[in-house]
Amino acid sequence: MSGSAWNHEEFEARLRERGKAYHIHHPFNRMLNEGRATREQIRGWVANRYYYQIAIPVKDAAVLSNCPDRAMRREWIQRILDHDGHGDDAGGIEAWLRLGLAVGLAREEIDDLRHVVPGVRFAVDAYVNFARRAPWQEAMCSSLTELFAPKIHKERLASWPEHYPWIESEGLQYFRNRTTQARRDVEQALAVTLGYFTTRALQEHALDILQFKLDILWTMNDAMALKYGVAS
């Protein structure tokens with residue numbers, strides 16, 4: 001039997017504690033950020049992560065399709081604009097394609113998904129399907145892996161220019177953009193999560209949802225490590 005609900009501070013602390021399972025700690029990611037990756041491994045990671053990037057606005061459109069709250073839709077739609085682009089902003093997907101060009105991939109080989117391994121495709125599709133079927137509050141909760149994202153982006157910006165000087169600096173713009181965008185996204189999703197999951201049973205369910213998303217990201221890295229190897 002569940003106990004009494006945690007207050008907001010305790011609940012948020014437990015959500016943040018799940019960062020121990022964030023893929024920043026995965027051996028494949030550690031290899032990338034510690035400068036031990038080959039060009040093939042970096043290109044493989046960029047090409048496979050593109051499948052995740054193009055799924056993000058699809059996922060968020062699914063969230064919005066289940067959300068009757070107009071005010072919330074007006075806030076959440078910014079995520080789609082951030083990735084698909086709007087006005088003069090080419091968007092995050094285009095920024096990721098430019099990262100691909102910077103590491104030596106051709107645009108067409110990223111776009112046609114020829115390098116995407118089955119495990120990555122399966123994990124990303126599972127996440128999108130979850131967002132389509134789950135209540136909108138649960139789908140928004142699943143995005144809270146963004147709690148831990150600024151750190152991973154800052155690591156890449158700090159270490160990649162030193163370890164991989166052959167990658168053009170402008171190709172890292174995606175990571176620069178997300179250091180600020182992720183913080184805003186966290187504020188939105190955290191407000192929803194703290195406000196909706198108000199009983200102990202619901203709060204424990206929220207932790208399970210966050211763990212599910214963490215597992216998605218970890219599984220993607222597992223699949224890439226199996227394909228491209230991990231340098232010791």
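Trainee: What kind of contact joins the side chains of D82 and R184?

Mentor: It is a polar contact of 2.3 Å, where a polar contact is a pair of N or O atoms within 3.5 Å, and within protein one must be able to donate a hydrogen and the other to accept it, while residues adjacent in sequence count only if both atoms are side-chain atoms. Before going on, note that this is a predicted model, in which local features need pLDDT of at least 70 and side-chain atom pairs count only at pLDDT 80 or more, although totals for chains, interfaces and linings use all residues. Residues are numbered from 1 along each chain as its sequence is written, and side-chain values use heavy atoms, with hydrogens and water left out.

Trainee: Where is D82 placed, and is D82 buried or exposed?

Mentor: D82 sits in helix 4, and helices here are DSSP runs (H or I, at least four residues; strands are E, at least two), numbered from the N terminus. With a relative accessibility of 5%, D82 counts as buried, since buried means under 20% relative accessible area, exposed over 50% and partly exposed in between (1.4 Å probe, protein chains only). Leaving out residues up to four places away in sequence, D82 touches G91, G92, R178, Q181 and R184, where contact means heavy atoms within 4.5 Å.

Trainee: Which other residues of helix 4 are buried, and what does the rest of this helix look like?

Mentor: Besides D82, the buried residues in helix 4 are M72, W76, R79, I80 and H83. At the N-terminal end, D69 acts as a cap, with a side-chain oxygen 3.1 Å from the backbone nitrogen of A71. The 15 residues of helix 4 (residues 70-84) should span 21 Å at 1.5 Å a residue, and the end C-alpha atoms are indeed 21 Å apart; the expected span is 1.5 Å times one less than the number of residues. Just after the helix, G85 takes a positive phi of about 90 degrees.

Trainee: What does helix 4 meet elsewhere in the chain?

Mentor: One partner is Q188, a residue of helix 10 (residues 173-196), which is buried with a relative accessible area of 12%. Not counting residues up to four places away in sequence, Q188 touches E75, W76 and R79. Another is G91, found in the loop between helix 4 and helix 5 and buried at 10% relative accessible area. Apart from its neighbours within four places in sequence, G91 is in contact with D82, H83, D84 and G85.

Trainee: How many residues of helix 5 are buried?

Mentor: Nine of the eleven residues of helix 5 (residues 92-102) are buried, so this helix is mostly covered. Among them are E94, W96 and L99. Just after helix 5, G104 has a positive phi of about 105 degrees.

Trainee: Which residue other than glycine has a positive phi?

Mentor: The general idea is that most residues other than glycine have a negative phi. Here L113 is a case with a positive value, near 65 degrees. L113 lies in the loop between helix 6 (107-111) and helix 7 (118-133), and at 18% relative accessibility L113 counts as buried.

Trainee: How should I read the way helix 3 and helix 11 pack?

Mentor: Two packed helices are described by the angle between their axes and the distance between the axes. The axes of helix 3 (residues 39-65) and helix 11 (residues 200-228) come within 10 Å and cross at roughly 145 degrees, where axes are lines fitted to C-alpha atoms over the stretch in contact, and angles run from 0 to 180 degrees between N-to-C directions. On the helix 3 side, E40, Q41, G44, W45, N48, R49 and Y52 take part, meeting K213, L217, M220, M224 and Y228 in helix 11.

Trainee: What is the setting of M220?

Mentor: M220, in helix 11, is buried with a relative accessible area of 1%. Not counting residues up to four places away in sequence, M220 touches R49, Y52, V120, A123 and V124. M220 and W45 are 175 residues apart in sequence, yet their C-alpha atoms are 9.6 Å apart in space. As for helix 11 itself, its 29 residues reach 42 Å from first C-alpha to last, close to the 42 Å expected at 1.5 Å a residue, and G229, which follows, has a positive phi near 85 degrees.
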